[in-house]
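Okay, everyone, I'll keep this short. Let's pull the model up on the screen and walk through how the helices pack.

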Amino acid sequence: MATLMYHMLSSSSLLSLGFYHLICTTRNRLKSAGDYVAKPYHPLSFISQPHLRRLPLYLLLLCLLISLIHQSLVSLDADPLLKGHTPVHRFTSLQAAAVVFSFLILVVFLLISESTSLLPLPPDLFFALAAALFYLQYSVSDSSASVQTSDLQAKCDSVSARISALSALLCLVIAVQPRLFLADVALAASICLQGLWVLQTGLSLYVDAFIPEGCHKLLDVVTGVEGSTKCDLEDSKLRAIAILDLAFVVHVMFVLLIVTVTYAAVAKTIGIRRFGSYEALPNADSSHIQMKAMTGTQA
């Protein structure tokens, strides 16, 4: 139950982060198309207090701290159901904790850079460091998939590793080309996709209603340790993997829908604000004055 709650918390955090970044990126692009530059952090523009404007960074630090504590505690538990048993489980858990800690340090550096002048962190350097950390996360997830006795767990970890690799590539592209709007949007979409896949992983491995037919939870009878899900028959395993592939495609389509709807909604909001303002009145007055001058000249 605790593992499922952790997956739900991680999923909601990633979805919120990706969706917020998507909205802010689209808004900045539509308001200043010629001066657009990708930003690693978007403060809350509707709040006047400087400290509260950095609320997204504080929430991100809190989520990373919870994840770090969880990974550190998990590394202390025994897991005889993993290939190589408990020592391998502890090393892989510590690797995941080290990646989370690295992201935590990067966000702290960003917070210091935004709030003080002690550590000026340019955006291109931030995205380059983020690319390195996402690639490190890909490496850890890929190595974790290779030691799983559960075929479904290995499949989920491998898909998560590929999404992390995509995020690393996009961060590297943004570091080189910070004005590339599509790469910034794709980065936000990849974070949303990672959040959805974390939720899918928790449901497919730990919720009985979502476990594919022919598969069951692993259980070490001697120690009572409960692991993830395994399929006994080859046909059941292939069917379960096919279901996960289909679920991944559905998640990708859902993320594309989110990006499209978000862009349309932000564009409509920006357009309403433009046409609802009084910016067109001076032009109308000047045109009226010019017409009166032409009439007087002709007379």
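So, straight in: α1 and α3 are roughly antiparallel to each other, because their axes cross at roughly 155° and anything over 145 gets that label. The two axes come within 11 Å, and the crossing is left-handed. For orientation, α1 covers residues 2-31 and α3 covers residues 55-76. And do keep in mind that this is a predicted model.

Who actually meets whom there? On the α1 side you've got Y6, L9, S13, L17 and Y20, and on the α3 side P56, L60, C63, I66, S67, H70 and Q71. By class, that contact comes out as eight nonpolar residues, four polar and no charged.

Let me zoom out for a second. How many helices and strands does the protein have? Nine helices and two strands. Going along the sequence, the order reads α-α-α-α-α-α-α-β-β-α-α, so the strands sit after helix seven, with two more helices following them. The protein has 299 residues, and 41% of them count as buried. On contacts, if you take those with a separation of 6 or more, 66% are between residues 24 or more positions apart.

Now back to α1, since α3 isn't the end of its story. α1 also packs with α7, which is residues 181-206. Here the angle is about 165° and the axes are 8 Å apart. That makes α1 roughly antiparallel to α7. In that contact, the count by class is 17 nonpolar, 12 polar and two charged residues. As for handedness, α1 and α7 cross in a left-handed way.

Next pair: α5, residues 123-146, and α6, residues 151-176. They pack at about 165°, with axes 7 Å apart, and that makes α5 roughly antiparallel to α6. Is the crossing left-handed or right-handed? Left-handed, as α5 passes α6. The residues of this contact split into 16 nonpolar, seven polar and four charged.

How does this line up with annotation? The UniProt record, which is an unreviewed entry, puts "transmembrane region" at residues 6-23, 55-74, 94-112, 119-138, 158-176 and 240-266. I looked at two of those spans in the model. Residues 55-74 are 100% helix and 0% strand, and the C-alpha atoms at the ends lie 29 Å apart. Residues 158-176 are also 100% helix with 0% strand, and there the end C-alpha atoms are 27 Å apart.

Right, a few individual residues, and then I'm done.

L68 first. L68 is in α3, and with 15% relative accessibility it counts as buried, the cut-off being under 20%. Which residues does L68 touch, leaving out those up to four places away in sequence? A97, V100, F101 and L104. There's also a C-alpha distance to note: L68 and F103 are 35 residues apart along the chain, and their C-alpha atoms are separated by 10.0 Å.

Then L136, over in α5. L136 is partly exposed, at a relative accessible area of 38%. From L136 to A98 you go 38 residues in sequence, and the C-alpha to C-alpha distance is 9.8 Å.

On to α8, which is residues 234-275. Two residues from that helix are on my list. S236 is in α8, and its 11% relative accessibility means it counts as buried. Setting aside neighbours within four places in sequence, S236 is in contact with E213, G214, C215 and C231.

The other one is D245, again in helix α8. Is D245 buried or partly exposed? Partly exposed, with a relative accessible area of 34%. D245 and C156 are 89 residues apart along the chain, and their C-alpha atoms are separated by 9.7 Å.

So, to wrap up: α1 is roughly antiparallel to α3 and roughly antiparallel to α7, and α5 is roughly antiparallel to α6. That's the tour. Happy to rotate the view if anyone wants another look.

Terms used. Residues numbered from 1 in each chain as written. Predicted model: local features only at pLDDT ≥ 70, side-chain atom pairs only at ≥ 80, totals over all residues. Heavy atoms only, no water. Axes fitted to C-alpha atoms, helices over the stretch in contact; angles between N-to-C directions. Helix = DSSP H or I, 4+ residues; strand = E, 2+ residues; numbered from the N terminus. Parallel < 35°, antiparallel > 145°, perpendicular 65-115°, else oblique. Left-handed = near helix turned anticlockwise from the far one by under 90°. Nonpolar A, V, L, I, M, F, W, Y, C, P; charged D, E, K, R; others polar. UniProt positions renumbered as here; feature names shortened; annotations may be inferred. Buried < 20%, exposed > 50% of the residue type's maximum accessible area, 1.4 Å probe, protein only. Contact = heavy atoms within 4.5 Å.
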